[in-house]
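Morning, everyone. I have one structure for you today, and I will keep it short. Please have a look at it first.

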Amino acid sequence: MKSTRREVEKRSEIGSAIEELSMMVIVKPGEKHESAHIPTKPFLSVCYLVLQVLDKIGPTMAVLRQDVYQNIKTLELMHESNTSVNSNLVEILKSEAKEGNARKGSSCSKALVWLTRTLDFTSSLLQTLAKDPEKRMEQVVEEAYEVTLKPWHGWISSAAFRVALRLVPESKTFVNILKTDEENYDNLKEKMQMLVSLFVPFLEDIHCILRLYNLDKIKST
């Protein structure tokens, strides 16, 4: 059943992401990965919602936010160039692998890798925040970064992130920004836990597909 405009306006980014992920179906590869499927538009919708969550962390996420936005646009442009074929992100991976462009420049394959890692980061951050809302936000962000993005960042990106950590808001401030007017903390905590429970299998499936195309070890230069 479609949500009304009023319902959409009242829903938080967390609530919207839950709805998107609940309806999304990823087909994992079997022995032959030609049948694998990641729906392009729904995936990008989730990425846009995550972008809004990153915005609420503040200036700390400015560099990461810009990368996320550029990667979304890269995939959007490819999708628009052939909406029929490119409605499946795996077809894009397959095409770039065949052409030998997957690891070059601003490829769509690299864009998908980094968007997936950003979703890993967001999932880790929300999981920690839901478990321990009293933990300092700086520590929450740093711990999520250490396990999801840092292993793939060069020293310049890592150094820039550490400087930006000083600008994160207090955990309570961030939580209050994430809530809608109708929500209390318990409602938000429940939704964060629900979103993480959806993120985990969703991201595992995508990582499985990235490994098949030998994209899982890509690092930033």
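I will go through pockets, then salt bridges, then two single residues. Keep in mind that this is a predicted model.

Pockets first. The largest one has a volume of about 680 Å³. It is lined by 29 residues, and the closest to its centre are Asp-67, Asn-71, Trp-114, His-153 and Ser-220. Which helix gives the most to that lining? H4 does, with nine residues. H6 and helix H8, residues 155-164, each supply at least two. As for chemistry, the lining divides into 13 nonpolar, 13 polar and three charged residues.

Now the second largest pocket. Here we have about 190 Å³ of space. Helix H9, residues 171-178, gives the most to this lining, with four residues. The split is four nonpolar, two polar and six charged. Among the lining residues are Glu-134, Lys-135, Arg-136, Glu-170, Lys-172 and Lys-179.

On to salt bridges. The count comes to eleven. I will pick three.

Start with Asp-55 and Arg-65, at 2.4 Å, N to O. Asp-55 lies in helix H3 and Arg-65 in helix H4, so this pair ties together parts that are ten residues apart in sequence. Asp-55 is partly exposed, at 38% relative accessible area. Arg-65 is partly exposed too, at 27%.

Next, Lys-73 and Glu-76, at 3.1 Å, N to O. This pair stays inside helix H4, three residues apart, which means about one helical turn between them. Lys-73 is partly exposed at 31%, whereas Glu-76 counts as buried at 17%.

Third, Glu-142 and Arg-162, at 2.7 Å, N to O. Glu-142 sits in helix H7 and Arg-162 in helix H8, 20 residues apart, so to speak of distant parts of the chain is fair. Salt bridges with shared partners join Glu-142, Glu-146, Lys-150 and Arg-162 into one network.

Now a charged residue without such a partner. Asp-120 is found in helix H6, residues 108-131. Asp-120 is buried, yet it has no salt bridge. How far away is the nearest side chain of opposite charge? That is Arg-117, at 6.1 Å, and the cut-off for a salt bridge is 4 Å. Beyond its neighbours within four places in sequence, Asp-120 is in contact with Thr-148, Leu-203 and His-207.

Last one: Asn-214. This residue has a positive phi of about 55°, although it is not a glycine. Its place is in the segment after helix H10. Asn-214 counts as exposed, at 53% relative accessibility.

Conventions. Residues numbered from 1 in each chain as written. Predicted model: local features only at pLDDT ≥ 70, side-chain atom pairs only at ≥ 80, totals over all residues. Heavy atoms only, no water. Buried < 20%, exposed > 50% of the residue type's maximum accessible area, 1.4 Å probe, protein only. Lys, Arg positive; Asp, Glu negative; His and termini not counted. Contact = heavy atoms within 4.5 Å. 1 Å grid on protein atoms, 1.4 Å probe; cavity = no way out; pocket = protein on both sides within 12 Å on 5 of 7 lines; lining within 4 Å. Points joined across faces, edges and corners; volume = space filled by probe spheres on them. Nonpolar A, V, L, I, M, F, W, Y, C, P; charged D, E, K, R; others polar.
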